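This report describes how the chains of one complex meet, and then turns to the build of a single chain.

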Amino acid sequence: MAQQFRTSSGGHIDRGRVISFTFDGKSYQGYEGDTLASALLANGVHLVGRSFKYHRPRGIQTAGSEEPNAIVELRSGPRKEPNTRATTIELFDGLVANSQNRWPSLDFDVMAINNLFSPLLSAGFYYKTFMWPASFWTNVYEHVIRRAAGLGTAATEPDPDHYEQCHEHCDVLVVGAGPAGLSAALAAARTDARVIIVDEHPTLGGSLNRDNYTIDGKHGSEWAAETAAELAAMDNVHVFSRTTVFGYYDHNVIGAVEKVSDHLPVPPAGHPRQRMWLFYPQRVILATGATERPLVFGNNDKPGIMLASAARSYVNAYGVKPGKRVIVATNNNDAYRTAIDLHRAGIFVTAVVDSRAHPDAPLADELKKLSIRLLTGSAVGAAEGGKRVKYAQIVTTQGDTLDPVRIDCDLIACSGGWNPNVHLHSQSGAKPVYDDSILSFVPGESRQAEVSAGAANGSFALQDCLDQGNAAGAEGANMAGFEGKEVKAAKAEDEGVYALEALWIAPTPYNKSYKQFIDQQNDVKASDVELASQEGYDSVELLKRYTTQGMATDQGKTSNVNALAILACQRGEPIPQVGITTFRPPYVPVAMGVFAGHTVGNDFMPVRRTAIHDWNEKQGAVFIEAGLWLRARYFPQYPGDTLYNCYVRETEATRNNVALVDVTTLGKIDIQGPDAPEFLNRLYINNWLKLPVGKARYGIMLREDGMVYDDGTTSRLGENHFFMTTTTANAAGVLAHMEQYHQTEWPDLDVVFCSVTEQWTGIAVAGPNSRKLLEKVIDIDVSNEAFPFMAVGECKLNNITARLFRISFSGELAYEVNVPADYGEQAWLDLLEAGKEMGVGVYGTEALGTMRIEKGHVAGSELDGRTTARDIGLEGMANRAKHFIGKHCSERPALLGDGRLQVVGLKSLVPGRNLRIGAHLVDPDKRLGSVSQSQGHISATTYSPQLDCGIALGLLMDGASRHGEQLDAVFPLDDEKLRVEVCHPVFIDPEGELVRA
Amino acid sequence: MHYSALSLVKQALTGNRGWTRAWRNPEPRKQYDVIIIGGGGHGLATAYYLAKLHGITNVAVLEKGYIGGGNTGRNTTIVRSNYMLNANSQFYEHSMKLWEGLSQDLNYNVMFSQRGVLNLFHTDAQRDAAARRGNAMRLNGVDAVMHDLDGVRKLMPHLDFSKNTRFPILGGLAQPRGGTARHDAVAWGYARGADRLGVDIIQKCEVTAIKRDGDKVLGVETSRGFIGAGQVGVAVAGNSSRLFDMVGMKLPIESHVLQAFVTEGIKPLVDTVCTFGAGHFYISQSDKGGLVFGGDIDGWNTYAQRGNLPTFNHVVAGGVTMMPCLARLRVLRQWGGVMDMSMDGTPIIGKTPINNLYLNGGWCYGGFKATPASGWVFAHTIAHDKPHKLNADFTLERFREGGMLDEKGVGASPKSH
Amino acid sequence: MPDQNSLPPRVSPLLPRSGDHIVDYSNLRLTERKALTAIQVLSFKGKNEAVAGAIGTALGIECSTQPGISNANEHTQVSWNGPNSWMVVASDEESGRAPGELLKLLQDAVGELGAVVDQSHGRCGLRLSGSRARQVMAKNTAIDLHPRAFGPGRCALTSVAHMNATIVQVDDTPTYDLFVIRSMARSFAHAIEHACREFAND
Amino acid sequence: MLRIECPWCGVRNEDEFSYGGDATVERPADDASQDDWYHYAYTRDNPAGPHREYWHHVNGCRAWIVVERDTVTHEVFSTAPASPNLPAGNREG
């Protein structure tokens with residue numbers, strides 16, 4: 001019969017909406033409002049997983065995100081999510097879940113054999129063995145361990161869903177929508193402050209949806225619903241449900257994850273699966289409640305053993321009977337609610353086992369009225385049963401344990417007390433402090449603009465929660481600058497007293513040794529803690545690392561305090577002295593997609609395109625990444641065209657005729673002001689004061705440490721007006737560098753500058769016929785007399801106002817035309833049109849590289865941040881009589897001495913064989929593969945059509961003085977070597993006659 | 001006691017009651033021949049090699065908290081020697097060789113797993129740089145393999161190999177002997193090894209001042225009183241500046257935080273260490289099943305050992321771009337370790353202007369993999385009062401003289417290394 | 001040769017998406033502001049007030065030295081663009097000015113007091129308008145655009161969709177003008193469009 | 001997430017800024033000793049506690065600012081323009 005463990009009525013589920021799902025291939029039914037856990041329990045399914053190390057059967061221990069045991073593989077295919085807590089999965093139609101870490105089946109798991117060997121698998125056992133023979137570790141042992149470790153299996157296909165990140169500011173942020181959180185939000189909102197309230201559940205209310213409280217004469221859950229509705233209706237309030245705050249970061253920045261679509265089979269079109277929220281509140285109120293801790297006794301991990309509050313949740317919130325015959329075990333008053341609520345739901349509560357000698361009298365009377373047996377000064381010493389608890393051995397907490405009382409049951413609901421959820425408080429940088437009255441940690445002194453209220457603050461009485469929330473809300477708003485008249489908090493009818501007495505480990509029946517679990521997910525037992533401390537791993541951090549307690553996916557939410565207490569017992573010290581481990585984000589595990597957000601795959605980084613990009617694309621250009629830019633690398637023309645014959649063709653077209661190249665990506669900086677010349681003079685190693693208007697000059701700038709930073713030509717457009725070009729790679733860096741020196745070192749210089757990289761499209765027209773081409777479209781005289789090498793001027797290209805520069809990177813007669821970018825493509829087309837009859841070509845970065853190598857122009861691969869001006873043979877440019885950035889550090893002895901890598905040219909001595917970038921230069925005739933001293937490397941290579949030979953630029957130890965030497969260029973990665981001759985880096989036209997022609 | 005399969009079985013049969021402390025918990029003596037400040041992997045390794053290789057056993061390691069509680073226990077446990085510059089390549093390769101016999105040497109399984117390290121490249125320029133580095137490695141006797149797409153696919157089958165991503169993968173440079181180790185075990189193994197040779201490991205002992213007589217150190221003031229020493233070695237990377245402030249010295253170091261992250265445990269998915277070339281992201285899978293990953297430092301001075309969001313988001317965006325199936329896996333923990341970021345990205349191991357005071361720091365994020373060699377050369381430097389040739393280039397003086405070892409070529413900018 | 005003074009048409013960096021609405025929902029619209037004139041003005045040392053005054057007089061629009069302020073008439077915006085800088089943005093179509101006229105006007109007004117730099121072709125302008133516009137912006141920028149913190153007449157230099165951008169609020173709809181560098185225009189428009197999709201059917 | 005107040009633009013997230021390092025190092029005069037230049041280029045106080053440092057509002061108004069920040073708690077005590085000659089940002093509220 002379906003859902004035979006449902007109560008006849010009650011619960012916040014919609015019994016009208018039946019939902020089907022499957023677990024381990026078997027179909028079940030539940031109701032809307034169920035979690036996977038409540039639906040499984042409604043169907044009597046308690047065995048849901050196997051433990052990490054011993055593969056012991058495990059059930060459902062909690063009803064929330066602290067669940068250590070009931071973790072399953074949710075969904076399938078590319079949407080599969082391993083290690084998902086059944087207690088937090090909202091049921092949806094067609095949900096598919098499977099148990100993990102078992103083989104062949106959950107019911108029969110062969111690895112359960114580990115249970116027998118458990119004494120061998122004591123804490124840290126792997127540090128003590130698997131060492132012989134050495135090679136066996138990586139090849140044998142580790143594979144076995146790795147396969148055994150881990151829980152679920154990950155999807156291997158790309159995640160089809162989308163994630164995004166949003167930002168919201170507010171005056172008061174309330175975390176948690178239980179009694180404290182709701183009244184805090186209400187109090188703050190009434191002052192008209194901007195309020196955000198966040199709760200991880202689909203409905204607000206927290207413990208009010210779990211317990212039978214009365215507030216202002218209504219059932220607690222009713223009051224919660226009405227308050228939530230009131231808040232939602234206020235336009236200064238933003239209510240987030242299904243949203244978990246996972247991190248409290250510096251400067252009061254709060255990270256949260258909103259599960260937008262996880263309660264649906266797939267996200268609706270255009271909607272993300274999950275969304276990260278970054279909240280920027282003035283004040284934060286932490287109303288994050290408390291987490292119940294289990295009792296530590298023999299076999300306390302068996303299916304059918306759950307937290308007392310969880311049992312209550314399932315009955316009250318989900319209308320599910322978690323058992324038929326129940327023992328409630330406790331060391332405090334709170335668990336009595338469980339006994340009473342379960343009894344009222346028609347479940348047989350066979351006994352309440354209270355470790356305290358003298359429990360609260362009124363509660364004892366109430367039990368008597370309900371004729372529930374009460375055992376005082378007693379505890380469950382051990383549970384027995386196979387895949388479900390069958391009976392408990394009850395021992396007395398004082399005196400001997402030799403005649404335990406056996407009580408049959410199918411559910412043990414236990415409470416070891418409550419731990420305030422101080423995680424976010426701790427993440428904020430504060431230190432929680434130990435409070436002896438509740439045997440747990442409570443918030444300490446605040447380090448950021450946060451305050452805790454209610455159970456999170458160690459106050460478990462309902463009226464205290466409402467009052468503290470109310471006060472914190474008003475105060476928070478007030479501190480954020482909002483006044484409001486005082487409103488009293490809602491009135492609770494509840495005299496709950498907590499009255500906790502310590503019971504860290506229950507005595508075991510007949511003093512037999514049992515497995516008493518502390519961290520159930522990582523299978524850490526009380527005996528492991530004892531062993532660790534015996535071996536000297538006795539500070540709390542060492543303990544965690546050695547035993548792995550608290551390192552599992554539940555992050556020790558239910559185990560940390562118990563472990564600490566047991567360690568303290570071991571060391572015979574009070575708990576505060578043993579210390580507390582700091583909590584780290586995230587509060588609950590959060591999908592990586594959430595942190596990645598939208599900027600993944602193609603959107604990982606923006607693409608930068610020049611104005612000529614579309615034309616290049618139409619021509620079938622092959623592009624290359626240059627920073628974020630896409631540049632045309634070469635232009636295949638015919639079928640079968642390769643990189644090689646394209647760049648050869650494009651180079652020859654340039655050298656023998658004329659061709660265009662898009663140089664838009666170079667950085668361009670407009671510099672103006674009376675002190676502009678002086679500023680440049682300090683920036684560059686060479687002289688700038690006397691550069692005539694209408695002229696360009698090549699410049700080199702260093703970093704303060706004396707290494708070459710960037711190079712380029714800068715032109716003087718007017719007396720106080722310069723136009724600088726930088727390399728593509730350093731465009732942004734050079735501007736920031738200039739701003740830094742101007743604002744932090746030389747603020748008195750009257751100069752301003754801004755980037756104009758984007759304003760201009762740059763087109764280089766290069767080749768012996770470049771002048772002839774330009775004459776047809778440019779309205780000024782570009783003859784050598786009127787417009788000599790390094791001349792700069794304004795002109796019109798057809799009707800477009802343009803800037804013309806007589807500069808050359810190719811080493812040919814060349815000009816560079818800059819036009820406003822929206823005209824860039826038109827200008828490019830006009831130039832092609834004008835050059836048509838002379839057969840103008842285009843070229844890409846590959847041919848550009850070929851020509852700069854032939855010409856010995858250094859570029860990024862030589863200016864690798866480790867070379868000085870001297871190393872690249874341009875020390876002569878430096879004017880050391882003036883001051884410039886990097887001057888002094890470039891004069892350090894090691895930079896002037898021998899052994900520096902210096903730029904050289906290299907020629908392949910093997911006809912038809914080209915050199916390779918990344919090859920190293922070594923003494924000739926060394927056996928390939930032998931360890932040998934690298935004397936340098938090849939930084940840029942090409943085949944030179946001009947010289948019909950493979951040439952290269954390289955950095956060679958003391959290279960400047962080694963022209964003519966022969967070396968081997970070795971490429972051990974591919975077992976290649978090639979004989980080369982060292983030469984001057986300028987291969988063609990050393991006098992520079994062509995550029996001046 | 002000696003660890004072996006046999007001892008495990010014997011203890012198992014007797015309820016594991018016979019295991020003794022892995023290291024003693026001694027009271028500090030008045031005077032030691034050598035004091036090592038810092039009970040992390042480097043300090044403990046130094047003490048171990050001082051005792052084992054140089055016969056200096058009257059040694060104390062002073063740790064302000066608990067051993068291995070600093071960067072040793074906070075890093076992403078990657079071991080590699082895939083450096084370009086000769087000095088680095090040779091030093092880290094020496095470390096690699098020590099790793100290869102470490103478990104047996106220490107009789108403590110440090111779980112050194114040579115599953116390989118793979119650096120992806122996505123542009124021609126990156127491929128060229130990888131070639132230069134890989135060839136340099138080979139010339140220095142270090143293993144290196146250049147992989148094309150198919151080679152990469154064999155090692156990391158679940159990466160995004162499509163062209164439909166911002167920076168498609170072109171290939172990768174691998175060091176097959178690289179891998180990972182169990183970070184805590186390294187500290188504990190060296191501690192146990194040193195302890196067995198007579199070294200005193202003194203926890204909860206914070207150095208508050210360094211007592212000097214001119215340019216000679218006499219000993220250290222600590223939270224547990226004054227302790228005299230013939231020589232003092234400082235191995236507190238992350239806090240080197242604070243220690244040397246005690247002797248009025250400024251170092252070419254800034255402290256920055258490097259974050260690390262781990263996901264929930266899953267069955268084997270990532271079988272090598274893999275780094276993304278188009279963003280800051282590297283990943284490996286621990287023997288416990290968690291995917292351990294990291295990226296770039298946050299890039300500003302800090303001594304706070306905690307994580308932060310902007311870098312986290314950028315790092316994960318790179319990870320999901322590289323390997324799209326990661327998106328659904330959950331991050332379990334985010335933490336941070338404080339790095340000594342040196343001014344050229346390379347460590348400083350050697351003498352200082354103060355005669356018997358020695359510095360081992362500036363590790364940036366290369367510290368863990370260096371642990372064995374770092375201790376090895378530092379012990380040699382202290383024992384002989386001069387550097388071994390393996391750390392001869394790692395002097396403090398190199399910055400003054402212009403002998404920087406700048407792998408990245410970004411200059412005196414710690415945030416960029 | 002084409003006729004002496006006819007300029008070729010300006011080519012939008014957003015082609016082929018230029019022109020029509022990039023997003024056109026009932027509650028949301030993303031449209032390119034085509035062929036804008038954008039002039040950056042920077043003041044020399046100690047000339048900030050003078051330059052602001054000169055711009056104000058030349059355009060008849062108050063040019064504020066106060067950060068984050070943008071003033072406009074029906075066709076021209078003057079927005080604060082940094083400690084000593086403003087961006088003057090106008091649509092020649094709406095203003096009826098000839099190409100280059102605004103540049104000349106500002107050059108004459110500013111003279112030796114500062115630098116006047118044409119950025120018209122270096123910036124792409126997009127207009128995002130509709131009841132959902134603020135939610136779309138919340139996905140792309142961390143700054144607070146809530147009416148209590150921001151509004152018409154305010155501008156901000158910040159990061160939008162991880163790209164440097166200028167936000168100018170035009171009206172209470174709300175309507176925002178977004179300016180981004182030309183080369184990134186397509187990536188930028190794509191990111192904003194993607195952030196809008198959630199609201200396609202509401 | 002550091003939230004840094006730009007004197008002109010107001011409080012912005014750290015990812016709008018790029019870090020410029022210790023703002024207390026003073027650039028030596030051209031005739032200063034090599035030793036001075038070594039310390040300027042390389043050595044830092046690197047304190048655990050209050051630290052004066054440069055930040056560049058590179059994704060904003062492009063101003064360089066001096067921030068006084070605690071390197072342990074990350075608390076920001078003050079921010080100010082690096083340049084005395086940039087017009088002050090008399091920002092409203």
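Two residues are in contact if their C-beta atoms, placed from the backbone, lie within 7 Å. The structure is a predicted model, in which local features need pLDDT of at least 70 and side-chain atom pairs count only at pLDDT 80 or more, while totals for chains, interfaces and linings use all residues. Residues are numbered from 1 along each chain as its sequence is written, and chains are lettered from A and ligands numbered from 1 in the order in which they are written. For the complex, the predictor gives an ipTM of 0.97 and a pTM of 0.97.

**Contacts between chains**

Five pairs of chains touch, and the pair with the most contacts is A and B. Residue classes in the table follow one scheme: Ala, Val, Leu, Ile, Met, Phe, Trp, Tyr, Cys and Pro are nonpolar, Asp, Glu, Lys and Arg are charged, and the others, Gly among them, are polar.

| Side | Residues in contact | Nonpolar, polar, charged residues |
|---|---|---|
| Chain A, touching chain B | 87 residues of chain A with 85 residues of chain B | 43 nonpolar, 25 polar, 19 charged |
| Chain B, touching chain D | 22 residues of chain B with 18 residues of chain D | 11 nonpolar, six polar, five charged |

Helices (H or I, at least four residues) and strands (E, at least two) are DSSP runs, numbered from the N terminus. On the side of chain A that touches chain B, helix α2 (residues 136–148) of chain A supplies the largest share, six residues. Strands also link these two chains; two strands pair if DSSP finds at least two bridges between them. Strand β31 (residues 590–591) of chain A is joined by two bridges to strand β16 (residues 330–342) of chain B, and the two run antiparallel. Within this pairing, Ala591(A) has Arg330(B) as its bridge partner in β16(B).

Toward chain D, the elements of chain B that give two or more residues are α8 (240–245), β12 (253–265), β15 (290–301), α9 (309–322) and α11 (398–401). Chain B does not touch chain C, and their nearest C-alpha atoms are 11 Å apart.

**Chain D**

Chain D contains one helix and six strands, in the order β-β-β-α-β-β-β from the N terminus. Its C-alpha atoms fill a box of roughly 45 × 30 × 20 Å, taken along the principal axes. Of the 93 residues in chain D, 47% are buried, that is, with 20 or more other C-beta atoms, placed from the backbone, within 10 Å of their own. Among contacts in chain D between residues at least 6 apart in sequence, 49% join residues at least 24 apart. The average pLDDT (the predictor's confidence in each residue, from 0 to 100) of chain D is 95, and 96% of the residues score at least 70.

Notes: Buried ≥ 20, exposed ≤ 12 C-beta atoms within 10 Å, placed from the backbone.
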